[in-house]
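Colleague: I should like to learn how the features of a protein model are read. May we go through one together?

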Amino acid sequence: MLFDPAAFVRVPAHIAAVALVVIIGNALVTMIVLLALRAAPRNAAEVGAVLAQIGEFSFILSGTAVARGLMPAEGRDLALAAAMISIVLQPALLRAATGLGARLERLGFLRAWHTSGGLATAAKAASLDGHAIIVGHGRVGSVIATSLRRQGIPYVVIEQNLRFAERLRQEQIPVVYGDAAWPEVLDAARPAKARLLVIAVPEKAAARRIIAEARRVNPQIELVVRTHSTEEASWLRQNGVGLVVMGEHHIASEMAEQALKQFEA
């Protein structure tokens, strides 16, 4: 209601310029900062797209600036128009960021920078044979790793969270830091010699790329994959994945069993 729609006719070039500065500036600065912090290029691009918009706070700031005489009313119209444009374009920006992230990951120097934190390879993994590879050491992957360790089964972890990877290294656990969907990262875990690959991260696109790369180097490797989607579970089974796990199904079964027990005679 603060915005004067006539501004689109009166100063369209000014509105376009401000919108471009807002969108490209926010996205680019965010992406550069994340890449400098060794974030994965795909993640950096997607976060940059999410933060490319300006929203409600810009309405408050521009209104306050006009009220105090720091900015003319025309300037507020430019800020509000840029905010509306950036919000409307958000879905398209996210789709574009997905494609941009994939292209950035093909750049060797960015991938080298991302994995150059001292954990790009796992020295202990070099001697492993017949081991398990666990992709992701979060709430699910850490439980699997603990079970394997208790049984004396050798394994190596691929972890994209640098903090988690550093902690595992301090615990003398073989760990590869990076995106398991990148061939050089997965290769560091020796999939050609591995017996089992456990994908404990639920991202569909990442899981498919990891499966394809693992089967390329070791067609006989056994696969255990986590997913949250019924459709994805069906696709995985149709493509020969040995075990597909949907946490929601297990939770529902357990809850149903407990509910039925309450009505037993």
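Modeller: The following turns treat strands, burial, contacts and backbone angles. This is a predicted model in which local features need pLDDT of at least 70 and side-chain atom pairs count only at pLDDT 80 or more, while totals for chains, interfaces and linings use all residues. Residues are numbered from 1 along each chain as its sequence is written, and side-chain values use heavy atoms, with hydrogens and water left out.

Colleague: How should I read the two faces of a strand, and are those of E1 buried or exposed?

Modeller: In a regular strand the side chains alternate between the two faces of the sheet. Strands (E, at least two residues) and helices (H or I, at least four) are DSSP runs numbered from the N terminus. Buried means under 20% relative accessible area, exposed over 50%, and partly exposed in between, with a 1.4 Å probe and protein chains only. In E1 (residues 132-135), Ala132 and Ile134 lie on one side, Ile133 and Val135 on the other, and all are buried.

Colleague: Which residues of E2 point each way?

Modeller: Tyr155, Val157 and Glu159 point one way and Val156 and Ile158 the other, all of them buried. Because five of the five residues of E2 are buried, this strand is largely enclosed by the rest of the structure.

Colleague: What does pairing mean, and how many bridges join E1 to E2?

Modeller: Two strands pair if DSSP finds at least two bridges between them. Four bridges join E1 to E2 (residues 155-159), and the two run parallel; alanine 132 stands opposite tyrosine 155. E1 also pairs with E4 (residues 196-199) in the parallel sense over four bridges, where isoleucine 134 has valine 198 as its bridge partner. E2 is joined to E3 by three bridges, again in parallel, with glutamate 159 opposite tyrosine 177.

Colleague: Which helix links E2 to E3?

Modeller: The chain crosses from E2 through H9 to E3, and this β-α-β crossover is right-handed. The term applies if, with the strands pointing away from the viewer, the path from the first strand over the helix to the second runs clockwise. E1, helix H8 (residues 139-150) and E2 also make a right-handed β-α-β unit.

Colleague: How is a buried helix residue read, and what does isoleucine 210 touch?

Modeller: One combines its accessibility with its contacts. Isoleucine 210 belongs to helix H11 and, at 1% relative accessibility, counts as buried. Contact means heavy atoms within 4.5 Å. Leaving aside residues up to four places away in sequence, isoleucine 210 touches Val135, Ala180, Ala181, Leu186, Leu197 and Ile199.

Colleague: Where is asparagine 218 found, and what does its side chain reach?

Modeller: Asparagine 218 is in the loop between H11 (204-217) and strand E5 (222-227), and counts as buried at 9% relative accessibility. Its side chain reaches the backbone oxygen of alanine 194 at 3.0 Å. A polar contact is a pair of N or O atoms within 3.5 Å; within protein, one must be able to donate a hydrogen and the other to accept it, and residues adjacent in sequence count only if both atoms are side-chain atoms.

Colleague: Which backbone angle stands out at glutamine 172?

Modeller: Glutamine 172 has a positive phi of about 65° although it is not a glycine. This residue lies in the loop between H9 (162-170) and E3 (175-177) and is exposed at 51% relative accessibility. Arginine 190, also not a glycine, has a positive phi of about 60°; arginine 190 is partly exposed, with a relative accessible area of 26%.
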